[in-house]
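Here is my notebook from a session with this model. I kept the entries brief and in the order I looked things up.

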Amino acid sequence: MKRTMDVLLILVATPVWLLVFGVVSLAVLVAIGRPVFFHQIRPGLRGRPFVMLKFRTMRTGTGDDAVRLTPFGRFLRGTSLDELPELFNVLRGDMSLVGPRPLLMEYLPLYTADQMRRHEVLPGITGWAQVHGRNALSWEEKFEMDVWYVEHHTMALDVAILARTLWQVVAGRGVTANGHATMLAFTGTPASGKNGTNP
């Protein structure tokens with residue numbers, strides 16, 4: 001049912017999102033240059049790697065994210081338009097419209113056993129954590145919400161998250177961590193009771 005809903009929603013909205021996709025592709029090409037797309041290996045269901053697609057928002061090269069992030073790239077992130085290519089990941093079955101966000105492969109060894117449960121479902125373009133603060137949340141808060149979603153997800157909840165995501169995008173809230181251009185890297189959760197970091 002979840003997979004069917006994902007595909008049907010994308011197909012129904014195809015005329016709209018394909019038009020926006022074309023416009024944004026051209027704008028990225030003009031404002032930032034080639035390549036238009038950002039490819040990165042991310043962990044999917046059960047931690048299996050897949051290639052995630054996004055529109056590029058940063059200049060190529062090394063350096064601080066705040067310097068490399070272009071004004072147009074900041075706009076794309078603020079409106080979440082940079083994530084539009086992930087619809088192809090959903091159609092391929094790598095992702096779902098709703099689920100925990102796919103993070104970096106190097107984070108996998110840092111998760112506690114409980115945090116690792118976020119990989120029991122397909123990763124999503126949006127999720128429970130995204131509609132409750134996005135990058136304004138701490139890593140631990142996001143992971144707690146991801147696991148809550150794994151334990152409670154239903155079709156009705158997915159529809160509610162999609163509806164709240166539209167409001168979140170319009171409001172432009174929680175796009176970055178306070179005082180930073182992007183979210184700070186996850187370095188592991190300090191040991192606390194039975195949920196310490198994995199070695």
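**Entry 1, ground rules.** I take helices (H or I, at least four residues) and strands (E, at least two) as DSSP runs, numbered from the N terminus. I also remind myself that this is a predicted model.

**Entry 2, the overall layout.** I counted the elements and found seven helices and four strands in the chain. Reading along the sequence, I noted the pattern α-α-β-β-α-α-α-β-β-α-α. The chain has 199 residues, and 46% of them count as buried. I then checked contacts between residues at least 6 apart in sequence: 68% of them join residues at least 24 apart.

**Entry 3, helix α2.** I tested the length of α2 first. Its 18 residues, at 1.5 Å a residue, should span 26 Å, and the end C-alpha atoms lie 25 Å apart, which agrees. Which residues of α2 are buried? I listed Thr14, Trp17, Phe21, Val24, Ser25 and Val28. These residues cover an arc of only 110° around the axis, so they sit on the same side of α2. That fits a rule I keep at hand: an α-helix has 3.6 residues a turn, so residues three or four places apart point the same way. On the other side of α2, I found Pro15, Val16, Leu19, Val23, Leu26 and Val30 exposed.

What do the buried residues of α2 pack against? My answer is α1 (2–12), β1, β2, α4 (71–79) and α5 (86–92). Just past the helix, I stopped at Gly33, which follows α2 and has a positive phi, near 100°.

**Entry 4, the helix α4.** Since α4 had come up as a packing partner of α2, I looked at it too. Its buried residues are Gly73, Leu76 and Gly78. Ser80 follows α4, and its phi is positive as well, near 65°.

**Entry 5, aromatic rings.** I found 15 aromatic pairs in the structure. I opened the pair of Trp17 and Phe21: the ring centres are 6.4 Å apart and the planes stand at 85°, so the pair is edge-to-face, the cut-off for that being over 60 degrees. Trp17 and Phe21 are four residues apart in α2 (residues 14–31), which separates them by about one helical turn. Trp17 is buried at 9% relative accessibility, and Phe21 is buried at 13%.

Next I took Phe37 and Phe55, a stacked pair with 5.5 Å centre to centre and 20° between the planes. This pair links distant parts of the chain, with Phe37 in β1 (residues 37–43) and Phe55 in β2 (residues 49–55), 18 residues apart. Phe37 is partly exposed at 28% relative accessible area, whereas Phe55 is buried at 2%. I was pleased to see both pairs join up: Trp17, Phe21, Phe37, Phe55 and Phe88 form one aromatic cluster.

I made one more ring note, on Trp139: Lys142 lies over its face, at 4.2 Å from the ring centre.

**Entry 6, Arg118.** Is Arg118 buried or exposed? I found 3% relative accessibility, so Arg118 counts as buried. Arg118 belongs to the loop between β3 (96–98) and β4 (124–126). I followed its side chain to the backbone oxygen of Arg101, which Arg118 reaches at 2.8 Å. Leaving out residues up to four places away in sequence, I listed what Arg118 touches: Pro100, Arg101, Leu103, Tyr111, Phe143, Asp146, Val147 and Val150.

Key. Residues numbered from 1 in each chain as written. Predicted model: local features only at pLDDT ≥ 70, side-chain atom pairs only at ≥ 80, totals over all residues. Heavy atoms only, no water. Phe/Tyr/Trp six-rings, centres within 6.5 Å; stacked < 30°, edge-to-face > 60°. Buried < 20%, exposed > 50% of the residue type's maximum accessible area, 1.4 Å probe, protein only. Lys NZ or Arg CZ within 6 Å of the ring centre and 35° of its normal. Expected span 1.5 Å × (residues − 1). Arc of directions from axis to C-beta. Contact = heavy atoms within 4.5 Å. Polar contact = N/O pair within 3.5 Å; in protein donor to acceptor, adjacent residues only side chain to side chain.
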